[in-house]
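Student: I am new to this structure and would like to go through it step by step. Could you show it to me first?

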Amino acid sequence: MKVVVITEHVSEYPDPVFLKKGEQVTLGETDDEYPHWIFATSVSGTQGWVPLQYLEQSACKTSGNMLCDYDSLELNTKSGEILTVQFELNDWYRVTRTNAEVGWVPVMTVQPVPVDAQAPAAADG
């Protein structure tokens with residue numbers, strides 16, 4: 001699905017966290033604005049928001065292990081920009097730009113491009 005940016009997004013986290021499957025993290029607070037996200041700190045000290053679905057939490061819920069590779073790279077976007085959605089998770093889209101850059105954007109900052117606008121124009125003949 002293609003979407004168009006209707007509200008610019010500027011990341012509040014310019015240094016994204018990159019985590020690998022099996023990596024242990026320390027867990028902090030959950031996000032009030034975006035449920036199902038939790039603030040995590042890696043062994044190396046990098047920090048970022050992680051989807052709860054990507055974690056196996058310890059019994060005390062203060063640490064966990066990553067169930068898959070993950071990065072928290074948010075894309076800074078401009079109004080009118082077209083993005084391709086890979087998937088949706090917890091009110092965020094994982095998207096690809098036309099230059100192949102991949103990252104996260106809030107769902108509320110984009111809207112679907114009408115299907116007829118996505119089709120290539122017919123060649124004049």
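**The open sheet and the aromatic rings**

Tutor: An open sheet of five strands runs in the order E11-E10-E9-E1-E12 with antiparallel pairing, where strands (E, at least two residues) are DSSP runs numbered from the N terminus and two of them pair if DSSP finds at least two bridges between them. This is a predicted model, in which local features need pLDDT of at least 70 and side-chain atom pairs count only at pLDDT 80 or more, while totals for chains, interfaces and linings use all residues. Residues are numbered from 1 along each chain as its sequence is written, and side-chain values use heavy atoms, with hydrogens and water left out.

Student: Which are the edge strands of this sheet?

Tutor: An edge strand here pairs on one side only. That description fits the strand of residues 102–106 and the strand of residues 110–112, namely E11 and E12.

Student: What is the bridge partner of Leu89 in E10?

Tutor: Strand E9 (residues 82–89) pairs with strand E10 (residues 92–96) in the antiparallel sense, over five bridges. Within E10, the residue bridged to Leu89 is Trp92.

Student: Which element gives the most to the largest nonpolar core?

Tutor: A nonpolar core is a set of buried Ala, Val, Leu, Ile, Met, Phe, Trp, Tyr and Cys residues joined through side-chain atoms within 4.5 Å, buried meaning under 20% relative accessible area, exposed over 50% and partly exposed in between, with a 1.4 Å probe and protein chains only. The largest such core has 18 residues, and Trp37 and Leu55 are among those with the most contacts inside it. Two or more residues come from each of strands E3 (24–30), E4 (37–42) and E5. With four residues, the element that gives the most is E4.

Student: How are the planes of Phe87 and Trp104 arranged, stacked or edge-to-face?

Tutor: Rings of Phe, Tyr and Trp (its six-membered ring) pair if their centres lie within 6.5 Å, and planes under 30 degrees apart count as stacked, over 60 as edge-to-face and the rest as tilted. Because the centres of Phe87 and Trp104 are 5.6 Å apart and their planes stand at 85°, the pair is edge-to-face.

Student: Why does Trp104 count as buried, and what is Phe87?

Tutor: Trp104 counts as buried because its relative accessibility is 3%. Phe87 has a relative accessible area of 32%, and therefore Phe87 is partly exposed.
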